[in-house]
Amino acid sequence: MHLSENTWTDVRDLETDLAVVPVGSTEQHGPHAPLGTDVATAEAVADAGVDRCEREVVRAPAIPVGIAEEHRQFPGTMWVSADTFRDYVGEAVASLAHHGFDRVVLVNGHGGNVDALREVGGRLTRDGDAYVVPFTWFDAVGDHSADMGHGGPLETALLRHCDPDSVREDRIDEARDGAADGWGEWTSHANLAYDAAEFTENGVVGDPGEGDAARGAELLDLAGDALARLLEAVAERDVSRPADR
């Protein structure tokens, strides 16, 4: 059930404690992909997982702004502080838990959110407010994960499959020509760069030309199946906290 498409009486009559919250970012993804890429991909994977899950699941509206200051040199990028992000996500989840949806998977589409989402999940779970597990879709696509960049092959592929009109196909060569091969500038296992503009001319990391719609369909299947398995595990898990040793 999509929460925002139903009435409060529809929600009142549900018999489930399971919810997903897509979490993304509004940030540059090169000259060829929209600023809302991380939201669109998180929503697509969330919907695919819910569709594959045999249980009833509440699908909450997406959280569209995340921790993305590393893209601040590119116009249109929005961001909030880590503290604000953690508070907002936490309070949004707590509002779901208030209505009984207290087993929650955060379906994430932005790498900059990962650490904060894990912290939010741990805090809410330990405090007993809800059982919360973050899930980042591009970590759950098998060998494809090694190709994750930024506006690169994986995100472009998923967009080409789910929302092909959003990809500016006439700019793929431009995106490829200004792209970096990898994320950051590394020396002695340390990343010397803090902002994307330090190592990529146009914000792209990886070759978007290597992400066609067929690959996007495979990515959606892999991520959707993985999310469905996770939802089942979250639904079945004993979430009582261990006693002190």
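This tour moves through a predicted model, one selection at a time.

**The strand β1**

Begin by selecting β1, residues 18-23, of which six of the six residues are buried, so the strand is largely enclosed by the rest of the structure. Colour its two faces separately: Leu18, Val20 and Pro22 lie on one side, while Ala19, Val21 and Val23 lie on the other, and both faces are covered.

**The partners of β1**

Next, add β3, residues 103-108, which pairs with β1 in the parallel sense over six bridges. To find one place where the strands meet, select proline 22 and look across to valine 107 in β3, which stands opposite. Then show strand β2, residues 58-59, which is joined to β1 by two bridges and also runs parallel to β1; here valine 20 is the residue of β1 that stands opposite arginine 59. If you follow the chain from β1 to β2, you pass through helix α2, residues 37-52, and this β-α-β crossover is right-handed.

**The loop before β1**

Step back along the chain to threonine 16, which lies in the loop between α1 (8-12) and β1. Is this residue buried or exposed? At 17% relative accessibility, threonine 16 counts as buried, because the cut-off for that word is under 20%. A polar atom of the threonine 16 side chain lies 3.2 Å from the backbone nitrogen of leucine 18, and a polar atom of that side chain also lies 2.7 Å from the backbone oxygen of glutamate 56. Showing the surroundings of threonine 16, with residues up to four places away in sequence left out, brings up Glu56, Val58, Gly100 and Phe101 as residues that it touches.

**The helix α3**

Gly100, just met beside threonine 16, follows helix α3 and has a positive phi, near 100 degrees. Select the helix itself, residues 82-98, whose 17 residues reach 24 Å from the first C-alpha to the last, close to the 24 Å expected at 1.5 Å a residue. Which residues of α3 are buried? They are Phe85, Arg86, Val89, Gly90, Val93, Leu96 and Ala97. These residues cover an arc of only 120 degrees around the axis, which puts them on the same side of α3. An α-helix has 3.6 residues a turn, so residues three or four places apart point the same way. Turn the view to the face of α3 directed away from the buried side, and you will find the exposed residues Tyr88, Glu91 and His98. To see what covers the buried residues, display β1, β3, α4 (114-127) and β4 (131-136), which are included in that cover.

**Asparagine 108**

Return to β3 and pick out asparagine 108, which is buried, with a relative accessible area of 0%. Its side chain reaches the backbone oxygen of histidine 110 at 2.8 Å, and a polar contact of 3.3 Å joins it to the side chain of asparagine 113. Beyond neighbours within four places in sequence, the contacts of asparagine 108 include Val23, Ala42, Leu117 and Trp137.

**Alanine 228**

Finish at alanine 228 in helix α7, residues 213-236, where a relative accessibility of 12% makes this alanine count as buried. Select aspartate 51 as well: the two residues are 177 residues apart in sequence, yet their C-alpha atoms are 8.2 Å apart in space. Alanine 228 touches Gly49, Arg52 and Cys53, not counting residues up to four places away in sequence.

Conventions: Residues numbered from 1 in each chain as written. Predicted model: local features only at pLDDT ≥ 70, side-chain atom pairs only at ≥ 80, totals over all residues. Heavy atoms only, no water. Helix = DSSP H or I, 4+ residues; strand = E, 2+ residues; numbered from the N terminus. Expected span 1.5 Å × (residues − 1). Buried < 20%, exposed > 50% of the residue type's maximum accessible area, 1.4 Å probe, protein only. Arc of directions from axis to C-beta. Contact = heavy atoms within 4.5 Å. Polar contact = N/O pair within 3.5 Å; in protein donor to acceptor, adjacent residues only side chain to side chain. Pairing = 2+ DSSP bridges. Right-handed = clockwise from strand over helix to strand, strands pointing away.
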